[in-house]
Amino acid sequence: MDLGQIIFRIMGLVGIGIVLAMGTIFLLLVVSLNGGFYYVSFIIVVAVVIFIVATLMMFQFFTTKKRKQAVAVLAVITILLAFITPFKEIYKNQIPTVDAEVDIYQYMPFTEGNNVTKIDHEASIQLQEPLPIIDGATAFYPLYASFTEAIYPKKDYQPYESKVMVNKTPAAYKNLIDGQVDLIFALAPSEQQINYAKVMGVELKLTPIGKEAFVFFVNAKNNIDGLTLDQIKDVYAGTITNWSEVGGKDEDIRAFQRPQDSGSQTALQNLMGDKPIMEAPTENIAQGMGGIIEEVSKYRNYKNAIGYTFRYYSNEMVKNDEIKLLEVDGVAPTVEMIRSEAYPITNEFYIVTTQNSNPQVQQIIDWVTSTEGQLLLEKAGYVPITSPTTP
């Protein structure tokens, strides 16, 4: 091979390299923007393998059949190994999430065919402008959407930008403390939310309006039907790590958690008390423009998984028959057991307010805690704070 041939082939390789590099960069941008960042290493490996094979071909390495076979085998093995990560991700994404996203628009007040529970008569109060601005946790949106239809004037109440919003617990508390809303429907605030209110010079007032069960759930095929309170604490402290330790199969426990300051994560922290919670499993989440952040993993219904939420959210909003709620200390989280507080992890939920000058805020509180409001709360599938009787 003379010098001219070598130069010609090197130039050819440079051209191939440039084309491969541009193609690789394009593919990396596409998959990253679409959340497929786990394909990054696979794409790079394939590009490198192609370039190496092209180099060997250019310099006539494949002079024997054995060499061709050896390179082909190595190339295939390398590509298959590189595909392990995306294969794991594809497999994981096939496993359904539970307690994930709910179409809240089906509960949007005053929309035709919505799932909002209706009152069968005109409510004893009818509010007028200036209306108090409401926000709250997703799990309580069906409830205060029902209240809205009962006592607010008929209008367009978009879930994310109106006088009746739903922004999840952390955002709702921040909106309340920052003075952006007048009242929220939520569970008790976390320590961080209490501290933020103090820093902002805001006093939070919590008015109990109902009871809710903090529930733990597993895959429906799990042979465990219940745990003791101490066992649950040990699972989330990382002391119990295998289902065989509580009478189940010999499988590691995947104990999922929720994001910090969410209502259910605060409930777990309160349940654990002084017992440290093990580090939550996390995953990389692709955001807009290809950015990647680390977030607490969503619950995926692996056969060895355990997660937690609140009874109404799991039973009424998700209605997922692929999970089962666990008994705790031998008591199931039924409405009757929550009402009597026999279920050991029963929490109150609240209308939370601050020092607010809108007089209609107190009217809402008085009405929700009245017999009329509590009956509608019960009809909507929640457990009232009192035992309302039909007047």
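Me: Is I240 buried or exposed?

Reply: I240 has a relative accessible area of 11%. The cut-offs, taken with a 1.4 Å probe on protein chains only, are under 20% for buried, over 50% for exposed, and in between for partly exposed. The value for I240 therefore places this residue in the first class: buried.

Me: From which number are residues counted along each chain?

Reply: This is a predicted model, in which local features need pLDDT of at least 70, side-chain atom pairs count only at pLDDT 80 or more, and totals for chains, interfaces and linings use all residues. Side-chain values use heavy atoms, with hydrogens and water left out, and residues are numbered along each chain, as its sequence is written, from 1.

Me: How far apart are the C-alpha atoms of I240 and I253?

Reply: I240 lies in the loop between α8 (229–237) and β5 (254–255). Helices (H or I, at least four residues) and strands (E, at least two) are DSSP runs, numbered from the N terminus. Beyond its neighbours within four places in sequence, I240 is in contact (heavy atoms within 4.5 Å) with Q231, D234, V235, E245, V246 and I253. I253 is 13 residues away from I240 along the chain, and their C-alpha atoms are separated by 8.2 Å.

Me: How many of the 15 residues of strand β3 are buried?

Reply: Strand β3 covers residues 205–219. This strand is largely enclosed by the rest of the structure, because the number of its residues that are buried is 12.

Me: Which residue of β11 is the bridge partner of T207?

Reply: Two strands pair if DSSP finds at least two bridges between them. β3 and β11 (residues 346–353) pair in the antiparallel sense over 8 bridges. In β11, the partner of T207 is I351.

Me: Which residue of β8 stands opposite V215?

Reply: β3 also pairs with β8 (residues 305–310), in the antiparallel sense and over 5 bridges. Opposite V215, in β8, stands T309.

Me: Which residue of β9 is the bridge partner of V218?

Reply: β9 (residues 323–325) is joined to β3 by 3 bridges, and the two strands run antiparallel. The bridge partner of V218 in β9 is K324.

Me: Which residue of β12 stands opposite G210?

Reply: β12 (residues 383–384) pairs with β3 over 2 bridges, again in the antiparallel sense. The residue of β12 that stands opposite G210 is P384.

Me: How are helices α6 and α7 oriented: roughly parallel or roughly antiparallel?

Reply: Axes are lines fitted to C-alpha atoms, for helices over the stretch in contact, and angles run from 0 to 180 degrees between N-to-C directions. α6 (residues 168–177) and α7 (residues 191–199) pack at an angle of about 15°, with their axes 10 Å apart. Angles under 35 degrees count as roughly parallel, over 145 as roughly antiparallel, 65 to 115 as roughly perpendicular and the rest as oblique. The orientation of α6 to α7 is therefore roughly parallel.

Me: Which residues of α7 are met by residues of α6?

Reply: On the α6 side, the contact is made by T169, P170, Y173, K174 and I177. On the α7 side, the residues met are Q193, Y196 and A197.

Me: What is the value of phi at G381?

Reply: In helix α13 (residues 371–379), E372, G373, Q374, L376 and L377 are buried. The buried residues of α13 pack against α5 (141–151), β3, β11, α12 (359–368) and β12. Just after α13, G381 takes a positive phi of about 100°.

Me: With which residues is T117 in contact, leaving aside its neighbours within four places in sequence?

Reply: T117 is found in the loop between α4 and β1. T117 is buried, with a relative accessible area of 18%. Its contacts beyond those neighbours are S146, L376, K379 and A380.

Me: What is the value of omega in the peptide bond between E129 and P130?

Reply: P130 is found in the loop between α4 (84–94) and β1 (134–136). The bond that joins E129 and P130 is cis, with omega of about 0°.

Me: What is the relative accessible area of D329?

Reply: D329 lies in the loop between β10 (327–328) and α11 (335–339). Phi of D329 is near 55°, a positive value in a residue other than glycine. D329 is partly exposed, and its relative accessible area is 44%.
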